[in-house]
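Student: I am new to this structure and would like to understand how its helices are described. Could we go through the reasoning step by step?

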Amino acid sequence: MTIDDLKAYGADTAEGLRRCMNNESFYLRLVKMIPGDPNFQKLYDALDVGDLGIAFEGAHALKGSTGNLSLTPIFAPVSEITELLRARTQTDYAALITQIRQGRDELAHICEG
Amino acid sequence: MQEREMDFRPSIDKRCILIIEDEFINQEILRMFLSDSYDLVLAGTGTEALDVICTRYETLSLILLDLNLPDIGGLDILRQVKADSRTARLPVIVMTSDADAEVECLTLGAIDFIPKPYPQQKVVLARVLRTIELSEDRDTLRWTERDQLTGLYNKEFFNRYAAQLDIHHRDFPTDAIVLNVNHFHMINDRYGRSFGDEVLRRIAEKLLEIVEETGGIVGRNMADIFWIYCPHRTDYAAILDEVSNALNGDGQSENRIRLRMGVYSDVDKELDIERRFDRAKLAADSVKGSVTKVIGLYDSSMYEAELLSEQLIEDFPAAIRERQFQVYYQPKFDVRPSEPILSSAEALVRWLHPTLGMVSPGVFIDLFEQNGLISTLDQYVWSEVAAQIRCWKERFGVTLPVSVNVSRVDLYDPELVGKLQDIVTRNGLTSRELLLEITESAYTEDAAQIIEKVTQLRDLGFQIEMDDFGSGYSSLNMLTTLPIDALKLDMQFIRNAFRERKDTRLLEVMILLAESFELPTIAEGVETAEQLFTLKMMGCAIVQGYYFSRPLPPEEFESFMSQKRNLPPSAEAKGKKISRDRFTYDALHDSLTGLYNNSAFEILFHDADHDHIAVLIANIDDYANMKKNRGRVYVNDMVCRVADVLRSSFRSVDHICRLREEEFVVIMTRVTSSQKEMVFSKIESVNHTLREETEDLGPITLSVGIAFSDREHPNGDVFQDADSALRRMREIRQTGYAVY
């Protein structure tokens, strides 16, 4: 995985790197941890059973870590869903979850490559 | 090791930050940001975080707090940190992406925010650094602005905050209130320092509570003086009650801690803060010593007194320069011999003010003591007095020691000893001629230092008289430890003893006590013959007061002295000789024997402790016949011999009187019937001596009736019962002695 891969993926690598004091390997090491973050599963499962509180916790945690790494493809839908969940909005979350899943899976793919 | 020692400086110690964050990635980024500059402790859960805070709060400099934690909410942690007085000072920066949470966090005591996603490292570092610095500055300020014991503002900061209140509430009527604990140092002495400290803490706590309700600030000015600056109110008594109840409970305990309050209400804001509180203090001092009045309000009379004080302070330098202060001399008499002897004098200062006329020392001494001018005045007096003693020495060839005051502040003057010695030497005197009076209260203040200074003075030959003994908190203990040569009883103390209901018991005990430490007592303020006589009876050595003379200017004192010491009288004093003390002496003494007469007996018998005396009435046997056969001269010689033998046989505490021609009475003090053998043996020894013939006189015998105050079945008073014992013996024509 290279910075260019992440750039192509849609991450704001300039900002993410700056936050990691331009330490590339450190940045990449943290990014690699994202696909395995158990908060994805926590979010999905909670929404399946309609527990918006737990779902919020998962989303909020993901928002924090993906935000700090500027992984925009995940951060953008996670931010959106976090605010909805914070307000415990009863709505159909499927579309947003799909976006999040795609973002995660794609990142996992890049990480494995 | 060496490295550690080099680092032992607070400024370069690495500060420790607690990061409360459950997300690994966030933890890692923060660690990267901060680990070069700070020691970091990480807590991934709320429980872990509280544990760290609880055990390491003293070494933590900052908490970085994430609001969303898996167990305890970040807000709860913030709440707990701020609620615990040990940890409340810890600054907390909240890390959140939620702008809505910010207000709540600030309300709970968070000091700043770091948004998520995190800003650049330098932004985070700058915020962390600034927060730590601010918080440490605030802590330092807190330590410096507060009195450590009570947590109240100290004097300097109280003044600053009061000034701030003035700026924001310029036209708002405001009160300056002073609260004082009566005899606080006694509380410390009696119950110990830690109890005293607790009293101060409780007062502080209560006062804070009170101003919390109505606004205002509280400070501890010094020792037991509290300052309150608050919006004008009228419920001063309620404040005092509340504080008093907090100390004593509602009950009327015997050992209540008593407070007094001074109020300068609706202050003049043109005056500086200190002056306003000076006025409140003045008001508080106006009720000092009063049991019924505990709150003093500053009023116009105090204002006038203040104006006068200001004028006196202003005029003081000129007064010294122009020699407006005049020294008066009040004679002191040694009353131990049968006729009082002028033994010394006390120097008393008067101020002949150019516009105010004669100003009494009562007006200016306290004032000058407060502001330290007294030192200059004292030195002026010492010099004047020394020159005067020298002048009298040269003109009359006599040395009359004069006592001068040494004020409390003088004792802190490192050059005091040198100054006094210089004055004495310059006038060709010895140190014994300038007596030094040091007030009792000076000794209670800083005993060790005072004792050292006084010891130095005594080593140089100066005689030290402890002034005003009995006026303050005379600790009897002081008598054993203090380097003094005489004890001067406070004038008020003597006046109280001789009030309408004369009660001299305490006076007598004090004189006896001083005597047992071989300290002569000096009584001042003695005005009547009766006072003089009683004091003399009790063993008082030196007496001073209007009875002998008022304080006199030097010229008048000279003529007084010339009469008393048989000096060549100055011209104007000739023909004015009035021997007042001679008159009294005659009035109380039998002219033939020098024993006390009837009048003296009346006083002595009245004043005696009627539980512990014996009265002995002694008649010379066969007196009438001898008078008829041998004549008046013979019996007079006989009476004189009896007087001499009685005088030498009884103790100094016994009073021997001649009531009639052949009748004597001895009032033996401090005896009970358990000591009757001692009494009998005295009588037997008297009769034994008298039976021996002398060149001019034949044998003499006495018949003696005795009664003890603790006799069984008393019939009359102890004198009457002694008399009836004597009469009964006479009736059965017995001689010797008989006990009632």
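Student: Which residues in H5(A) meet which residues in H2(B)?

Tutor: In this predicted model, Gly64(A), Ser65(A) and Asn68(A) of H5(A) meet Ile25(B), Asn26(B) and Ile29(B) of H2(B). By class, this contact of H5(A) with H2(B) has two nonpolar, four polar and no charged residues.

Student: Why are H5(A) and H2(B) called oblique to each other?

Tutor: The axes of H5, residues 52-68 of chain A, and H2, residues 24-34 of chain B, come within 8 Å and cross at roughly 40°. Angles under 35 degrees count as roughly parallel, and 65 to 115 as roughly perpendicular; the angle of roughly 40° belongs to neither range, and H5(A) and H2(B) are therefore oblique.

Student: What makes H4(A) roughly antiparallel to H5(A)?

Tutor: Helix H4, residues 39-48 of chain A, packs with H5(A) at an angle of about 150°, their axes being 8 Å apart. Since angles over 145 degrees count as roughly antiparallel, that angle makes H4(A) roughly antiparallel to H5(A).

Student: How do the residues of the contact of H4(A) with H5(A) divide by class?

Tutor: They divide into nine nonpolar, two polar and one charged, and among the residues that make this contact are Phe40(A) and Leu43(A) of H4(A), together with Ile54(A) and Leu62(A) of H5(A).

Student: How many residues of chain A are in contact with chain B, and which element gives the largest share of that side?

Tutor: On the side of chain A, 16 residues are in contact with 14 residues of chain B, and H5(A) gives the largest share of the chain A side, eight residues.

How values were computed
Residues are numbered from 1 along each chain as its sequence is written. Chains are lettered from A and ligands numbered from 1 in the order in which they are written. This is a predicted model: local features need pLDDT of at least 70, side-chain atom pairs count only at pLDDT 80 or more; totals for chains, interfaces and linings use all residues. Axes are lines fitted to C-alpha atoms, for helices over the stretch in contact, and angles run from 0 to 180 degrees between N-to-C directions. Helices (H or I, at least four residues) and strands (E, at least two) are DSSP runs, numbered from the N terminus. Two residues are in contact if their C-beta atoms, placed from the backbone, lie within 7 Å. Ala, Val, Leu, Ile, Met, Phe, Trp, Tyr, Cys and Pro count as nonpolar, Asp, Glu, Lys and Arg as charged, and the others, Gly among them, as polar.
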